[in-house]
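Biologist: I would like a close look at one part of this protein, the place where its helices pack against one another. Could you walk me through it slowly, with the terms explained as you go?

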Amino acid sequence: MCGPIGLGFAGRRPELVRRVVLGSTWAWPTSADTPRGKFSMIVGGPVGEFAQVNFNAFAALGIENGIVRELPADVADVYVRPFRPLDRRGIAAFYPGQITAATDYFEEVEAGLPRLADRKALLFWALKDVGFPGSDTARFEATFPDHRTIQLPDADHFFFEDAAEVMIPAIRAFIASSPIASATAPGGRDR
């Protein structure tokens, strides 16, 4: 939920934002009948809470299923370690439920997007993440007319683990230059 949190702040304080870099995210209310909404209802509900609190399931399965490449064990451990203590597991069950429950907040985030529309934007989109369909990409592309989208065909939810070699130079070029620099993900396309 980092995208909605960051965009919520940016929409409230647009004077602090020069450019926008986003990746596989959203910034509007989510219906319970979409894949993202179904995830929210299940993982953020009683079943998800039981699995997370008792088995650290959300963190462990998220890493196992949300990254295409094989992570070294020590790197995977960094993702699940914060949720090993029983008293810290509840938050991992709470925040998925907010995807559908925090409608007022998401309406506020969406309402703030026009305040950012004149910023240059670099969008990364992980094509293996079913939680963020092409319709989300299209909404951001419409929001930010001066954008560049880099599709990541071999990346999933934790796309930065799958595509760092593409993302890091693209972000550096985007920040360093006035026009948006060109880079293409292997097997992907720019739009």
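Is the crossing of helix 2 and helix 6 left-handed or right-handed?

Modeller: Happy to! The crossing of helix 2 and helix 6 is left-handed (the near helix is turned anticlockwise from the far one by less than a right angle; clockwise would be right-handed). Please keep in mind that this is a predicted model, where local features need pLDDT of at least 70, side-chain atom pairs count only at pLDDT 80 or more, and totals for chains, interfaces and linings use all residues. Residues are numbered from 1 along each chain as its sequence is written, and side-chain values use heavy atoms, with hydrogens and water left out.

A little orientation helps before the details. The protein has 10 helices and 3 strands (DSSP runs numbered from the N terminus: H or I of at least four residues for helices, E of at least two for strands). Starting at the N terminus, the order of elements is α-β-α-α-α-α-α-α-β-α-β-α-α. Along the principal axes, the C-alpha atoms of the protein fill a box of roughly 50 × 40 × 30 Å. Of the 191 residues in the protein, 43% are buried (under 20% relative accessible area, with exposed over 50% and partly exposed in between, for a 1.4 Å probe and protein chains only). Among the contacts in the protein (heavy atoms within 4.5 Å) with a separation of 6 or more, 77% join residues 24 or more positions apart.

Now back to your pair. The axes of helix 2 (35-43) and helix 6 (residues 90-101) are 7 Å apart, and the two helices pack at about 140 degrees (axes are lines fitted to C-alpha atoms, for helices over the stretch in contact, and angles run from 0 to 180 degrees between N-to-C directions). Helix 2 is therefore oblique to helix 6 (under 35 degrees is roughly parallel, over 145 roughly antiparallel, 65 to 115 roughly perpendicular, and the rest oblique). On the helix 2 side, Arg36, Gly37, Phe39, Ser40, Met41 and Val43 take part, and they meet Ala93, Pro96, Gly97, Gln98, Ile99 and Thr100 of helix 6. This contact of helix 2 with helix 6 has 6 nonpolar, 5 polar and 1 charged residues (Ala, Val, Leu, Ile, Met, Phe, Trp, Tyr, Cys and Pro count as nonpolar, Asp, Glu, Lys and Arg as charged, and the others, Gly among them, as polar).

Just ahead of helix 2, have a look at serine 24, in the loop between strand 1 (19-23) and helix 2. Serine 24 has a positive phi, near 35 degrees, even though it is a residue other than glycine. With a relative accessible area of 6%, serine 24 is also buried.

From here we can move to helix 3 (residues 46-55), whose axis comes within 6 Å of that of helix 4 and crosses it at roughly 90 degrees. Helix 3 is therefore roughly perpendicular to helix 4. Their meeting place brings Ala51, Gln52 and Phe55 of helix 3 to Ala57, Phe58 and Ala59 of helix 4. By class, this contact of helix 3 with helix 4 has 5 nonpolar residues, 1 polar and no charged.

The residue to click on here is glutamine 52, which sits in helix 3. Glutamine 52 is buried, at a relative accessible area of 0%. Leaving out residues up to four places away in sequence, glutamine 52 touches Ala57, Phe58, Ala59, Phe83, Arg89, Ala92 and Ala93. One of these, Ala93, also belongs to the helix 6 side of the pair you asked about.

The loop between helix 3 and helix 4 holds asparagine 56. Although asparagine 56 is not a glycine, its phi is positive, at about 55 degrees. Asparagine 56 counts as buried, at 7% relative accessibility.

Following the chain onward, helix 4 (residues 57-66) packs against helix 5 (residues 73-80) at about 140 degrees, with axes 9 Å apart. These two helices are therefore oblique to each other. Here the crossing is right-handed. Ala59, Ala60 and Ile63 in helix 4 meet Ala76, Tyr79 and Val80 in helix 5. This contact has 6 nonpolar residues, with no polar and no charged ones.

One last stop is aspartate 129, in the loop between strand 2 (120-126) and helix 8 (134-143). The C-alpha atoms of aspartate 129 and asparagine 65 are separated by 9.9 Å, with their positions 64 residues apart along the chain. Aspartate 129 counts as buried at 8% relative accessibility. Its contacts, apart from neighbours within four places in sequence, are Ala155, Asp156 and His157.
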